Amino acid sequence: MASTSNWRSSLGAVDRYENINRLSKSIEAIGLSSTGTSHKSAIAAEAEAYNTSQSREEYDAACNTIIDAGAGQNPSSGVQDIFGPTITIGLFEECHHIASGLASEVYRCKAVALKVITETHNIEPHNPGREVKILQQVSHKNVIKISETFRDQERRLVMVFPFMPLTLAKLIGSGSISLEATKKCFHDLFSALTYLHEQGIIHRDIKPSNLLLASSSGPAYLSDFGTAWHPDLSNDEPADHKYLEVGTTCYRAPETLFGNRLYGTSLDMWAAGVMLAECVRKPPKALFESRDTSEDGNQLGLILSIFKTIGTPTKTTWPEALNFSTPPFEWYQEFPRESWDRLLPDVDEVAKDLIKKLVLYESGNRLRANAALTHQFFTSMKEAEY
């Protein structure tokens, strides 16, 4: 029997192809996809089982649950075990719940994902109306495309997107991400951010779960613009007085923690650098520690973790902070910075260099997205992979 650590290497391409064919027939029999799309759904289901399972037994079980359901062996239970109970949303039938957010719920219906806004009033900086307008304006190969919007039976706003079977968060959760997969994901991310930042748009919630993947090797799509800032559409949020409650847990940039409402696009670059550090660590591990945003003390805990990791900032290392409403200087305890060699042991020097140029206190010194895109970290990628 293959060990837990190398079970994927013992799974041949022929075995995977046979599973995809069996999954395709079952998915069509269950009614989750039509004849024309069942094969694509099967590829997505097999890829998710392959990338998230910790052993061959888990992989086989994930595939067989769908296959058995299609064969009529307890089909109702099989489908619900995998996708959950179904509901109807507008004209979309048999929708399966797949994710929850502060102001929304996400469902899958065959080849599409439906984001249902559950809050009737905007919880700033969450603004679904602005999110729709931004997504309808932008067009980039690595930004998720919105196909339509409508109001469901309860008059809730629903956004429709193509369904993606994976996220960077799922790859991180699998316990291992190859260097090549990391390069592809972040090349796509920086490509999207270059496009957005050139228009003055700040995403403000860069995190692994918001980078959707068509497969474990990409392509990747930036999603969830619910808290994005737009120079023309964010009328209630002046450029010099932006909301500070943006970002999620350990990916929040330090300028928002100390009252800088003038922040710009470099906010996204800090989060991207923190994500990259997490991915190249073996095994993947967050660079900073943070509680959930809803928990008491989450902000102080994150500040303390940042200081303990990259050192307490000084007026020399973070001069822009002199103008913040709550400068971080004269902290009750000064922590020395950890060396990047200690923080990222056994990590490629080129990858380490890119991270060091992103995870910086002084926001003006962080690499811009277009510069990150041309960093040496990506030069080994083949042109066809871009």
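Q: Does Lys 115 count as buried, partly exposed or exposed in this predicted model?
A: The model is a predicted one. A residue counts as buried when its relative accessible area is under 20%. Lys 115 has a relative accessibility of 10%, so Lys 115 counts as buried.

Q: Which residue meets the side chain of Lys 115 in a salt bridge at 3.2 Å, N to O?
A: A salt bridge requires a side-chain nitrogen of Lys or Arg within 4 Å of a carboxyl oxygen of Asp or Glu. For Lys 115 the N to O value in this pair is 3.2 Å. The partner counts as partly exposed, at 28% relative accessibility. That partner is Asp 224.

Q: How many residues apart in sequence are the parts that Asp 224 and Lys 115 tie together?
A: Lys 115 belongs to strand β4, which covers residues 112-117. Asp 224 is found in the loop between β9 (220-222) and α8 (254-257). The pair therefore ties together parts whose separation in sequence is 109 residues.

Q: Which residue is linked with Lys 115 and Asp 224 in a network of salt bridges?
A: The structure holds 16 salt bridges. One of these joins the side chains of Asp 224 and Lys 115. The network that links Lys 115 and Asp 224 also takes in Glu 131.

Q: In the salt bridge of Glu 124 with Arg 130, is Arg 130 buried or exposed?
A: The closest N and O atoms of Glu 124 and Arg 130 are 3.9 Å apart. Glu 124 is partly exposed, with a relative accessible area of 27%. For Arg 130 the relative accessible area is 4%, and this residue is buried.

Q: In the salt bridge of Glu 338 with Arg 342, is Arg 342 buried or exposed?
A: The closest N and O atoms of Glu 338 and Arg 342 lie 3.1 Å apart. Glu 338 is partly exposed, at a relative accessible area of 27%. Arg 342 has a relative accessible area of 61%, and this residue is exposed.

Q: Which residue in the turn between β5 and β6 has a positive phi?
A: Strands β5 (residues 148-151) and β6 (residues 157-162) pair in the antiparallel sense over four bridges. Within this pairing, Phe 150 stands opposite Val 158. The two strands form a hairpin with five residues between them, and the turn residue with a positive phi, about 65°, is Arg 155.

Q: Which strands stand at the edges of the open sheet β7-β8-β9?
A: This open sheet has three strands, paired in the antiparallel sense. Two bridges join β7 to β8 (residues 211-213), and Leu 166 stands opposite Leu 213 in β8. An edge strand has a single partner strand, so one side of it is left without a neighbour in the sheet; the strands concerned are β7 and β9.

Q: Which helix packs on the sheet, touching β8 and β9?
A: The sheet has the order β7-β8-β9. The direction of the packing helix makes about 35° with that of β9. This helix spans residues 179-198 and is α7.

Q: Are α9 and α12 roughly parallel or antiparallel to each other?
A: The axes of α9 (residues 266-280) and α12 (residues 349-356) come within 9 Å and cross at roughly 155°, in a left-handed crossing. Residues of α9 including Gly 273 and Leu 276 meet residues of α12 including Ala 351 and Leu 354. Angles over 145 degrees count as roughly antiparallel. The two helices, α9 and α12, are therefore roughly antiparallel.

Key: Residues are numbered from 1 along each chain as its sequence is written. This is a predicted model: local features need pLDDT of at least 70, side-chain atom pairs count only at pLDDT 80 or more; totals for chains, interfaces and linings use all residues. Side-chain values use heavy atoms; hydrogens and water are left out. Buried means under 20% relative accessible area, exposed over 50%, partly exposed in between (1.4 Å probe, protein chains only). Two strands pair if DSSP finds at least two bridges between them. Axes are lines fitted to C-alpha atoms, for helices over the stretch in contact, and angles run from 0 to 180 degrees between N-to-C directions. Angles under 35 degrees count as roughly parallel, over 145 as roughly antiparallel, 65 to 115 as roughly perpendicular and the rest as oblique. A crossing is left-handed if the near helix is turned anticlockwise from the far one by less than a right angle, and right-handed if clockwise. Contact means heavy atoms within 4.5 Å.
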